[in-house]
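Subject: Structure handover and notes

Dear colleague,

Please find below the sequence and the structure that I am passing on to you. My notes on what was found follow directly after.

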Amino acid sequence: MRLARQTSLGVIAIVALSVSVWAQGQGIDYAKIEILTEKIAPSLYLLSGSAGADPAHQDAAGGRIGVLAGPDGIFMVDAQYAQITDKIVAAIRKISPEPIRFLVNTHVHGDHTAGNANFVKMGALLFAREELREEMLRPPAAGSPAPARDPARLPVVTYGMGDPLKLRLNGEVVDLIPVRAAHTGGDTMIRFENADVIMIGDFYRNYGYPFIDTNNGGTLKGALEALDETMKLAGPNTRLVPGHGTIINRTDIVPYRDMILGVQAKVQQMISQGKSEQEVLAAKVTAPYDAKVPGGLLPAGAGTSADRFVSMVYSQLMGVK
């Protein structure tokens, strides 16, 4: 058992390093990134980075940004990489000349938060979970790139579980809804009530298997609870906007959640039989789902996206932190 726990910790550490490099944006040619704008409601826009990457690298241009525009000023969801702030601002200026007044982070990863300080210095008031602020203040893991230390990157207004916030501007009601430790320990959903749109961050992804960042407080149980909460909040016509990938609706959550539960049950069964993590990985427990998960068998840190997911499930069920 001790060997299995040590193996799990080793795999998680390698995966964490790979994800940290990706989240900090290392190796990206920022000059090639173009910002694409999509209008999804009268005052609500989505900005996405495109680097002309093939589907295997579709996350390389960073996380999706939300922009609520109008006479009350700009409300933004996430800030992308700091290196492309000028491109993001240029895209926003094509939407509205109003000042950028508010910014909220869905979670801590650098492809969503690295540009925080730039927008704060333009006058934006930064909102996020208290847990996210604490994650930003933690020293980086050994071997990880050091995060930017500019204090302007830190949230000014924070909130916790059971403490949602509501903002009213530009004819919209915006709800900042904290969810339990899911993709990270400080996840937030942002609901635009009148537009019937919810931005859900990265606890759902439709490319590759789920990534739950346990090093930053994410949990398997919390991810499942977040999916359940999303289904409760969403109506039949609600558009759900992940941080990466295509827009979905609540019916798309069902097979995704069922896949997680199916893999969890199979891994739990093998643990009950005394199987090690390497034996569980060798069993290819995701095989029933691989054909339905785009990119699931492509490289993702230590092994494939499927391996990363199964290692995480194993470590969570074994109680490995």
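In this predicted model, E193 counts as partly exposed, because its relative accessibility is 31% and partly exposed residues fall between the 20% and 50% limits. The side chain of E193 meets that of K166 in a salt bridge, with N and O 2.9 Å apart. This pair links distant parts of the chain, since K166 belongs to strand β8 while E193 sits in the loop between β10 (188-192) and β11 (197-201), 27 residues apart. K166 is likewise partly exposed, at 42% relative accessibility. The two residues also belong to a network of salt bridges that links K166, D175, R191 and E193.

The surroundings of that network are worth setting out next. Strands β8-β9-β10-β11-β12, in that order, make up an open sheet of five strands whose pairing is mixed. At its edges stand β8 and β12 (239-242), each of which pairs on one side only, and from one strand to the next the twist averages 20 degrees. Within this sheet, β10 and β11 pair in the antiparallel sense over three bridges, and R191 stands opposite I198 in β11. Helix α6 packs on the sheet, where it touches β9, β10, β11 and β12, and the direction of α6 makes about 10 degrees with that of β10.

Helix α6 (residues 220-233) also holds a salt bridge of its own, between E225 and K221, which lie four residues apart in the helix, about one turn. The closest N and O atoms of E225 and K221 are 2.5 Å apart. K221 counts as exposed at 58% relative accessibility, whereas E225, at 28%, counts as partly exposed.

A search of the whole structure finds nine salt bridges, and one of them joins the side chains of R129 and E131, with a distance of 3.0 Å from N to O. Are these two partners buried or exposed? R129 is buried, with a relative accessible area of 1%, while E131 counts as partly exposed at 25%.

The other sheet to look at is an open one of seven strands, in the order β1-β2-β3-β4-β5-β6-β7, and here too the pairing is mixed. β1 and β7 (157-159) stand at the edges with a single partner strand each, so one side of each of them has no neighbour in the sheet. Neighbouring strands of this sheet are turned against each other by 20 degrees on average, direction ignored. β4 is joined to strand β5 (residues 100-104) by four bridges, and these two strands run parallel; M76 stands opposite L103 in β5. Helix α5 (residues 130-137) packs on this sheet, touching β6 (125-129) and β7, and its direction makes about 95 degrees with that of β6.

Turning to the aromatic residues, the structure holds five aromatic pairs. One of these is formed by Y30 and Y81, whose ring centres are 5.6 Å apart and whose planes stand at 75 degrees, so the pair is edge-to-face, the cut-off for that class being over 60 degrees. This pair, too, links distant parts of the chain: Y30 lies in the loop between α1 (2-24) and β1 (34-41), and Y81 in the loop between β4 (74-77) and α2 (85-95), 51 residues apart. Both Y30 and Y81 are buried.

Finally, two residues deserve a look for their backbone angles. N170 has a positive phi of about 55 degrees although it is not a glycine, and N170 lies in the loop between β8 (165-169) and β9 (172-178). N170 counts as buried because its relative accessibility is 10%, which is under the 20% limit. K284, another residue other than glycine, has a positive phi near 50 degrees and is found in the loop between α8 (277-282) and α9 (287-290). With a relative accessible area of 49%, K284 is partly exposed.

With best regards

Terms used
Residues numbered from 1 in each chain as written. Predicted model: local features only at pLDDT ≥ 70, side-chain atom pairs only at ≥ 80, totals over all residues. Heavy atoms only, no water. Phe/Tyr/Trp six-rings, centres within 6.5 Å; stacked < 30°, edge-to-face > 60°. Buried < 20%, exposed > 50% of the residue type's maximum accessible area, 1.4 Å probe, protein only. Pairing = 2+ DSSP bridges. Axes fitted to C-alpha atoms, helices over the stretch in contact; angles between N-to-C directions. Contact = heavy atoms within 4.5 Å.
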